[in-house]
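Student: I should like to study this protein step by step, with a reason given for each answer. May we begin with the term that is needed for describing its interior?

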Amino acid sequence: MSTKTLGPVRRKFQPWTDPTAKPLIEFRNVIKRFGDFTAVNDVSLGIYEREFFALLGPSGCGKTTLMRMVAGFDDPTTGDVLLAGQSVKGLPPYSRPVNMMFQSYALFPHMSVEKNIAFGLEMDRLPKGEIAARVEEMLKLVKLESFAKRKPHQLSGGQRQRVALARSLAKKPKVLLLDEPLGALDRKLREETQFELMDLQMTLGMTFLIVTHDQEEAMTVADRIAVMDHGKLIQVATPSEIYEQPISRYVADFIGDVNIIEGRVESAAPVVTIVSEAAGTRVEVNSDTAVNAGDTVYFAIRPEKIAISPDAPAETGINALSGTVFDIGYLGDVSVFHVRLDGGRTIRATVANRHRLIDRPISWDDRVWLTWGRDSGVVLTR
Ligand code: ATP
């Protein structure tokens, strides 16, 4: 299993924080229109060499269109796309140092695995010996040495996915573009393959740009994620920043589960105090979000950061809510408690099931208290 995010080298991998670093892929004020529909709306973004970058967002938000402009299948209506500092506008796909792996894999059904992998190299008229060596190297890379002679229909979905990957990598592109690469795999295989992809990207020292609408996938594989909506970049940050410091309710809600409590600011930073009549509590948050007394804001807190107890806390007026359990989702590793507050709102709290569940300490219709600390949630203004 890869430990990409844990290794000391990887931990320091943050070229985007270095003002002197030059991006490998750069979008400059890119707008893409189809007729009078704007699919990509003024995107500026730099992606760095050796980065694993994910474009994440709901269907139709413009992810694939953005990627296709790197591949050369589309060009911006206005703005520019640069690779290693050079504009690639108008350059055909085969002249760009990038390769795109499609969701459908598009393997040639009548060709063996090795022929599929060799195809691009043969088109480029590489010497026979070099092609054979490259194919062998790729087969080894994706652990399919013993499948070289098989045809695609004699392979499992996961194996087909690896052939497609090997074929995309065979020409050693500088950038690999992956459009929903794991969409056809079942959950378990998908998770395994995510780690394999990370290993591969690290081993090869390549730049990977992935398009996905699966937030867990983006969180697992990517160094940074761009969350998109309606053709715009909403937030570009590391997975933990996106999860712990989302900039809006849209991002907080799109990545993971979240409770949003609306209220009015009573006092501002460094401790923002929010009064929420709807929830029936005062909320105190350590936050440097710029807000003024009287502003309407949203307190966002993840379910796993809320403690649930049958006992009232020492102080009940601050960061504490009481209500009745009306639903419990048992997911094996965790249980999700749905608590209805006295005012009618619902709050979700997640509890890790550290012991085998024999007797539930909290059950349906129990009265409970929900509490959290000052650092558990964030203040959002939009
Ligand atoms: P998905 O996850 O469903 O693939 P996406 O975020 O990748 O979605 P895109 O494929 O980039 O979305 O499409 C963005 C928008 O642009 C969509 O509304 C789509 O219908 C539109 N669009 C894409 N290509 C064209 C085209 N060639 N002509 C007209 N509209 C297009």
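Tutor: A residue is called buried if its relative accessible area is under 20%, exposed if that area is over 50%, and partly exposed in between. Please keep in mind that the model is predicted.

Student: Which residues of helix H2 are buried?

Tutor: Helix H2 covers residues 63-71 and is mostly covered, with 7 of its 9 residues buried. The buried residues of H2 are Lys63, Thr65, Leu66, Met67, Met69, Val70 and Ala71.

Student: Is threonine 65 buried or exposed?

Tutor: Threonine 65 has its place in helix H2. Residues beyond four places away in sequence that it touches are Lys32, Phe34, Ala39 and Val40. Its relative accessible area is 12%, and the limit for a buried residue is under 20%. Threonine 65 is therefore buried.

Student: Which residue with a positive phi follows H2?

Tutor: Helix H2 ends at residue 71. The residue that follows H2 has a positive phi, near 105°, and is glycine 72.

Student: What is the order of the strands in the open sheet of 4 strands?

Tutor: The pairing in this open sheet is antiparallel. Its edge strands, each of which pairs on one side only, are strand S2 (37-47) and S5. The order is S2-S1-S4-S5.

Student: How many bridges join strand S1 and S2?

Tutor: Strand S1 comprises residues 25-34 and pairs with S2 in the antiparallel sense. As one example of the pairing, arginine 33 has threonine 38 in S2 as its bridge partner. The count of bridges over which S1 and S2 pair is 8.

Student: What angle does the direction of H2 make with that of S1?

Tutor: Helix H2 packs on the sheet and touches S1, S2 and strand S4 (78-83). The direction of H2 makes an angle with that of S1 of about 120°.

Student: Is glutamine 86 buried or exposed?

Tutor: Glutamine 86 is found in strand S5, residues 86-87. In space, its C-alpha is 16 Å from that of proline 173, and the two residues are 87 apart in sequence. The relative accessible area of glutamine 86 is 55%, and a value over 50% is required for an exposed residue. Glutamine 86 is therefore exposed.

Student: Let us turn to another sheet. Which are the edge strands of the open sheet formed by 5 strands?

Tutor: The order of this sheet is S13-S12-S11-S14-S20, and the pairing is antiparallel. Each edge strand pairs on one side only; the two are strand S13 (281-286) and strand S20 (377-380).

Student: Which residue is the bridge partner of tyrosine 298 in S20?

Tutor: Strand S14 (residues 296-301) and S20 pair in the antiparallel sense over 4 bridges. In S20, tyrosine 298 has as its bridge partner leucine 380.

Student: Which residue takes a positive phi in the hairpin of S12 and S13?

Tutor: Strand S12 (residues 271-276) is joined to S13 by 6 bridges, and the two run antiparallel. One bridge partnership is that of valine 271 with asparagine 286 in S13. The hairpin has 4 residues between the strands, and the residue that takes a positive phi, near 80°, is glycine 280.

Student: Where is arginine 50, and how does its accessibility class follow from its value?

Tutor: Most residues other than glycine have a negative phi. Arginine 50, although not a glycine, has a positive phi of about 70°. Its place is in the loop between S2 and strand S3 (52-56). Its relative accessibility is 44%, which lies between the limits of 20% and 50%, so arginine 50 counts as partly exposed.

Student: Is histidine 230 buried or exposed?

Tutor: Histidine 230 is not a glycine, yet its phi is positive, at about 45°. Its place is in the loop between strand S9 (224-229) and strand S10 (232-237). Its relative accessibility is 65%, and the limit is over 50%, so histidine 230 counts as exposed.

Student: What percentage of the residues of the whole protein count as buried?

Tutor: The protein has 9 helices and 20 strands. Its C-alpha trace spans about 75 × 50 × 45 Å along the principal axes. Of its 382 residues, the share that count as buried is 47%.

Terms used. Residues are numbered from 1 along each chain as its sequence is written. This is a predicted model: local features need pLDDT of at least 70, side-chain atom pairs count only at pLDDT 80 or more; totals for chains, interfaces and linings use all residues. Side-chain values use heavy atoms; hydrogens and water are left out. Two strands pair if DSSP finds at least two bridges between them. Buried means under 20% relative accessible area, exposed over 50%, partly exposed in between (1.4 Å probe, protein chains only). Contact means heavy atoms within 4.5 Å. Axes are lines fitted to C-alpha atoms, for helices over the stretch in contact, and angles run from 0 to 180 degrees between N-to-C directions.
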